[in-house]
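Trainee: I am new to this structure and would like to go through it slowly, with the reasoning spelled out at each step. Could we begin once it is in front of us?

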Amino acid sequence: MNSSLPEVGVKRSGFLSHLPLRIRLAIASFTSAFAVLTLVSMSYVAINFSSRQSEELQVAGAKLNFVSDLALASRDLQLAATRYVYLGHESARAYVVKDIDRWLKEISKCRDRNCLNQAPLDDIEIHLQAFLDAFTLAATSRNEIASSLISDFADVRAAAPPHSNATTDNIGNDPLARQINSINDHISTIEATLLAYFASSDPQKISDAEAHLTELKSHLASMSNIMGTIQSPTNTRFSIARVENTLFTNIQRIRSYAYLVNVIVPSEARELEYLASSAATEVRGEIAALQTSLQRNRRNFYVWEFSVTVLILLLSVPVFLWTLSSVTSPLKNLAAIFRRLAAGSEESVVDAAVTKDEIGDLFNAAEAFRRENIRERELLADYRELSRTLEAKVTQRTRELEAKNEELDHLASVDKLTDTFNRRALDKALLAELERADRYQRPLSILLMDIDLFKQVNDEYGHLTGDKVLVTLSQTIRENLRASDILGRWGGEEFLVICPETDLEQARNVAEKVRQAIEGTDFELGKTITISIGLSVLIEGTSAESLVAEADKALYQAKSQGRNRVCTTPIAASSGTEKSP
């Protein structure tokens, strides 16, 4: 890895080689700064000028956007007014009122900012207000005309001969009833035709209504000999003149309304669009003139900037290169030395420093770097050895801690005597299974078991024998449970089994299997050991405490009924009958 460093010297050239390095660098920096500052100043002047013209373009663009949006809005307002007039959409009516109010405010702001000439703004505001007034009148007239038409024809029907309630067969045999019903049908048809004309402004609907009126006249003429004897419920004689007057009165109202919505409102909207489009054309002209001026000014600046830049370069580049060459030569030699040092060379480089200025200081720094590098390699080797030793110790301690943690976790959750879950672990498991059952709507049951007359065993045989009974009993229970069941010592001689995915019938089968297994187990006492089991099933809204309490009630019931049996609470038993041995 070690390699010899060639003797390095600084080539002395002319006057600049005798100057200190900082002076030479200052000359190069000043030359570069002067050139850059001149160019930056020129650029700042150009940018500032262009910025002012760009701001003028932005203002003109904002004017163009304002009048263009207004032209589009006038079309949207006309469409919304049409939707309300012909389709009765209340949302369209609200849109028209809200949008016109918004544009009136925008025009007021525009007037304050002087973004458009006063005359166009005044004309736009006048026509916008006229459109709103016409539309408001149309909206009011629309409701009034519809109500008046329905009311007028209701009065006509009230005065007409009453509609016959006879059946279809009877009407066929009664010409008078048929004629009377035909009169009422013609009146309803005329009313419906006028409503259609009101909704569509179709002139053909007027002709249809007049045709139905003519037919009504003919029917009334054919019944002229009997009309005098027919009275309406209001005792007013019915006449064709009343129908005719009602018809033409409402036609006149609808025509006035149609003129308002088909002529006045659209003409105001078109006038708004024309004014906005005219203003947009004027603003586009302003923008075109500004763009032409901006392009001309930029072109002139580019020519001027290019000329000045060439002049600065011709003056500054030779000075800069002359100064730079006096610095770069020794720095290249120094760079070669540092590359070798970086490759691991330990050769001394102090003798290579042949100059007494800052360059010489850099050669001395290279020697100091070499020595520090050697010292750091030695320290790094020591550190690696120490790190390996510490790493081995940490690994060993970590393994020991993990083993202790596993042991502590086991002791914290397992009953030491029976090697089953303790009360703390059972509480945690029950809450988890209860939450899972509630979330997925799955059945859940628990079995609370108690050894019958266990106190007698302790009193007669001693507590050590009692402990053996508990161990044998827990092993027997575990052997007769399913893989998914969770067994734990609830306290003393009580054991709790959590049965996930288990309904009442399945839980009874499990409990009965365990009970029979315990009854058949030889505990080497010369007597039979039995257990009583209380069973409870999860129902909607049941908490863990309630579930255990129900099982405890069932266990108490099993004890009171003679022990050595499986019992359920009344709630759980509602889905099946109790099983006992």
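Mentor: Helices here are DSSP runs of H or I with at least four residues, strands are runs of E with at least two, and both are numbered from the N terminus. Please keep in mind throughout that this is a predicted model.

Trainee: With that definition, how many helices and strands does the chain have?

Mentor: The chain has 581 residues, of which 38% are buried. Counted by the definition just given, its elements come to 15 helices and 5 strands.

Trainee: In what order do the strands of the open sheet lie?

Mentor: The sheet is open and its pairing is mixed. β2 (486-491) and β5 (566-568) each have a single partner strand, so one side of each is left without a neighbour in the sheet, and these two stand at the edges. Neighbouring strands are turned by 25 degrees against each other on average, direction ignored. Read across the sheet, the order is β2-β3-β1-β4-β5.

Trainee: Is the pairing of β4 and β5 parallel or antiparallel, and which residue is the bridge partner of L535 in β5?

Mentor: Strand β4, which covers residues 531-537, is joined to β5 by 3 bridges, and the sense of this pairing is parallel. For L535, the bridge partner in β5 is T568.

Trainee: Which helix packs on the sheet with a direction at about 145 degrees to that of β4?

Mentor: Helix α12 (residues 463-479) packs on the sheet and touches β1 (444-451), β2, β3 (494-500) and β4, but its direction makes about 15 degrees with that of β3. The other helix to consider touches β1, β2, β3, β4 and β5, and its direction makes about 145 degrees with that of β4. That helix, residues 544-560, is α14.

Trainee: How many of the residues of β1 are buried?

Mentor: In a regular strand the side chains alternate between the two faces of the sheet. In β1, L444, I446, L448 and D450 point one way while S445, L447, M449 and I451 point the other way, and all are buried. The strand is thus mostly covered, and the count of buried residues is 8 of 8.

Trainee: Which residue is the bridge partner of I446 in β4?

Mentor: β1 runs antiparallel to β3, with 7 bridges between them, and in β3 the bridge partner of D450 is E494. β1 also runs antiparallel to β4, again through 7 bridges. On that β4 side, the partner of I446 is S536.

Trainee: Let us turn to charged side chains. Which residues are joined with R436 into one network of salt bridges?

Mentor: R436 meets E433 in a salt bridge of 3.2 Å, N to O, and both residues lie in helix α10 (residues 423-440), about one turn of the helix apart. R436 also meets E501 in a salt bridge of 3.1 Å, and this pair links distant parts of the chain, as E501 lies in the loop between β3 and α13 (504-519), 65 residues away. Through shared partners, the residues joined with R436 are E433, R442 and E501.

Trainee: Is E433 buried or exposed?

Mentor: A residue counts as buried under 20% relative accessible area. R436, at 29%, is partly exposed, and E501, at 31%, is partly exposed as well. E433 has 16% relative accessibility, so E433 is buried.

Trainee: Which residue forms a salt bridge with R439?

Mentor: R439 is exposed, with a relative accessible area of 52%. Its partner also lies in helix α10, 4 residues apart from R439. The closest N and O atoms of the pair are 2.7 Å apart, and the partner is E435.

Trainee: Which residues make the nonpolar surface patch?

Mentor: One of them is V310, placed in helix α8 (residues 240-342) and partly exposed, with a relative accessible area of 34%. The patch comes to about 320 Å², and its residues are F306, V310 and L314.

Trainee: How far apart are the C-alpha atoms of P318 and T31?

Mentor: P318 is also in helix α8, and at 47% relative accessibility P318 counts as partly exposed. Along the chain, P318 and T31 are 287 residues apart, yet the separation of their C-alpha atoms is 9.9 Å.

Terms used:
Residues numbered from 1 in each chain as written. Predicted model: local features only at pLDDT ≥ 70, side-chain atom pairs only at ≥ 80, totals over all residues. Heavy atoms only, no water. Pairing = 2+ DSSP bridges. Axes fitted to C-alpha atoms, helices over the stretch in contact; angles between N-to-C directions. Contact = heavy atoms within 4.5 Å. Patch = residues over 30% accessible without salt bridge, like charges linked within 9 Å, V, L, I, M, F, W, Y side chains within 5 Å. Areas by Shrake-Rupley, 256 points an atom, 1.4 Å probe, with all protein chains shown as cover. Salt bridge = Lys/Arg side-chain N within 4 Å of Asp/Glu carboxyl O. Buried < 20%, exposed > 50% of the residue type's maximum accessible area, 1.4 Å probe, protein only.
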